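Here's a quick tour of a structure, written for someone who likes to know where the holes, helices and odd backbone angles are. Have the coordinates open while you read.

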Amino acid sequence: MTVAAAAASGGLGGRRYALLLALNDSEYARKVYGGYGNVFVSALGGGGGGGGEEERWDCFRVIDGEFPAAEEVGRYEGFVVSGSPHDAYGDERWILRLCSLLRALHAMGKRILGICFGHQVLCRALGGRIGKARSGWNIGVKKMTFVRDFEGSKLFGDLKEIPQSASIIEVHQDEVLEVPPMGRVLAYSDKTPVEMFAVGDNVLGIQGHPEYTSDILLNLIDRLVNNNTITSGIGEEARRTVEASEPDRRFWTGLCKGFLKRPTAATTVDMPPREVAPEMMSCSHIIAGGHFVATTPIGL
C-alpha cells in the first residue's frame, strides 16, 4: 500500500480514500508522472467540499492481488476504480475478487467511482450487463451529452451547474450494455449509450477518463498502434480529435471530487450485503504535495 497526504498540513489524519489500480504503469506514465497513482491523486485529490481538510489516499494495485484488508475497508470514505487493459467481464481471480469487494462496499453504503474499466466492472458487480462495444473502438476526445431529465446534480456536492454536454478522453472497446437494477443513465454519446450511470447516491460510473491529459492519450494511441491493438487508421482519427479539441478536464475532475467529497448523508442501499473476501491484502503509499512517496516499494 502507498499512503498519500493530499492537502494542507503534514500528518495522515482527515478523510481517507482508496485508489484501486487495475493496470500497471506504462513507461511514459512512470517517467513523466511517477506512475498512474500520481495521475489520479493529482486529478482527484484536494478540494471538492473538503473545506481544506487533510486527505489520505491509499493506493492498492488490485491487478497484482493487492486489496484493502477487510478490517480497514470501513475506514475509507470513498473508493476509485481505475481503467485497465483487461476485460471487465473476464474471470481472472483478481477481477472476481474486485467484484466481490465492490458488492460489499455498495452494501456498506461506501462511495464508489468507477473509471472506464472501473465503470464496467462496477456495473457487472452490481448486476448490470457489459460486453464488447457494438460500435467498436472508441478512442480520442469525445463529446458526451447529459440526459435531459438529469437527476444527478445532488450527487456532485458544490458543483453549481451541469452543462448540456462535455468533452472527455475515451479509450475503450467494451461498454455497459445494461445498467444495474435501480441504476440510471446520466449521460450518453453517439457511439456509447451509457457514458455515465449512477446507482443510488453512492455509486457513479464514467466510461471516459477524467484523469487523463492529452499527452497521456497521445502516448497511449502510439502504443496501441505499435503493438497492433488498433489500426493506424483508428490511431490517426483519434489523434485528429486531440488536435481539434481539448477535454473538459477541469469540469470532469470537479464533478468527480464533488461526488467523492460531498458531505455524507444517510444512504439507502438497494442490495443485500456480501462478505468481503477474508484473504484481501493491503498495500500502502504517502503523498506529499500531490506526489507519491513510496513507503513500501511496490513499483508505482
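Asparagine 228 is out in the open: its relative accessible area is 68%, over the 50% cut-off, so it counts as exposed. This is a predicted model, by the way, so read every value here as computed from it. You'll find asparagine 228 in the loop between α5 and α6, and its phi sits near 65°, a positive value in a residue other than glycine. Most residues other than glycine have a negative phi.

Cysteine 116 also has a positive phi without being a glycine, near 55°. Its place is the loop between β5 (111-115) and α4. Is cysteine 116 buried or exposed? Its relative accessibility is 6%, so it counts as buried. Cysteine 99 is buried too, because its relative accessibility is just 2%. As for cysteine pairing, the structure holds zero disulfides.

**Two helices**

Now for α6 and α7, set side by side:

| Helix | Residues | Length | First to last C-alpha | Expected span |
|---|---|---|---|---|
| α6 | 232-244 | 13 residues | 18 Å | 18 Å |
| α7 | 249-261 | 13 residues | 18 Å | 18 Å |

The buried residues of α6 are Gly235, Ala238, Arg239, Thr241 and Val242. Looking down the axis of α6, you see those buried residues fall within an arc of 155°, so they line one face of the helix. Turned away from that buried side, the other face carries Glu243 and Ala244, both exposed. The general background is simple: an α-helix has 3.6 residues a turn, so residues three or four places apart point the same way.

How many of the 13 residues of α7 are buried? The count is 10, so α7 is largely enclosed by the rest of the structure. Among those buried residues are the aromatics Phe251, Trp252 and Phe259, and the list also takes in Lys257 and Lys261. Thr253, Leu255, Cys256, Gly258 and Leu260 are buried in α7 as well.

**The cavity**

There is one cavity of 30 Å³ or more, and the space inside the largest cavity is about 30 Å³. Its lining is made by Ser167, Ile168, Ile169, His209, Pro210, Tyr212, Pro247, Asp248, Arg249 and Trp252. Which elements each supply at least two residues of that lining? They are β8 (165-172) and α7, with β8 giving the most, three residues. By type, the cavity lining splits into six nonpolar, two polar and two charged residues. Trp252 turns up in this lining and also among the buried residues of α7.

**The pocket**

If you're after an open site to look at, the largest pocket has a volume of about 530 Å³. Its lining has 25 residues, and the closest to the pocket centre are Ser84, Pro85, Val171, Leu220 and Leu224. Two or more lining residues come from each of α4 (117-125), β8 and α5 (214-226). Which element gives the most to the lining of the largest pocket? That's α5, with three residues. The pocket lining divides into 10 nonpolar, 11 polar and four charged residues.

One element to keep on screen is β8, since β8 contributes to the lining of the largest cavity and to that of the largest pocket.

Terms used:
Residues are numbered from 1 along each chain as its sequence is written. This is a predicted model: local features need pLDDT of at least 70, side-chain atom pairs count only at pLDDT 80 or more; totals for chains, interfaces and linings use all residues. Side-chain values use heavy atoms; hydrogens and water are left out. A disulfide is a pair of cysteine sulfur atoms within 2.5 Å. Buried means under 20% relative accessible area, exposed over 50%, partly exposed in between (1.4 Å probe, protein chains only). Helices (H or I, at least four residues) and strands (E, at least two) are DSSP runs, numbered from the N terminus. The expected span of a helix is 1.5 Å times one less than its number of residues. On a 1 Å grid over the protein atoms alone, a cavity is a set of points where a 1.4 Å probe fits but cannot get out, and a pocket is an open set with protein on both sides within 12 Å along at least five of seven lines; lining residues have an atom within 4 Å of a point. Grid points are joined across faces, edges and corners, and a volume is the space filled by probe spheres set on the points. Ala, Val, Leu, Ile, Met, Phe, Trp, Tyr, Cys and Pro count as nonpolar, Asp, Glu, Lys and Arg as charged, and the others, Gly among them, as polar. The arc is that of the directions from the helix axis to the C-beta atoms.
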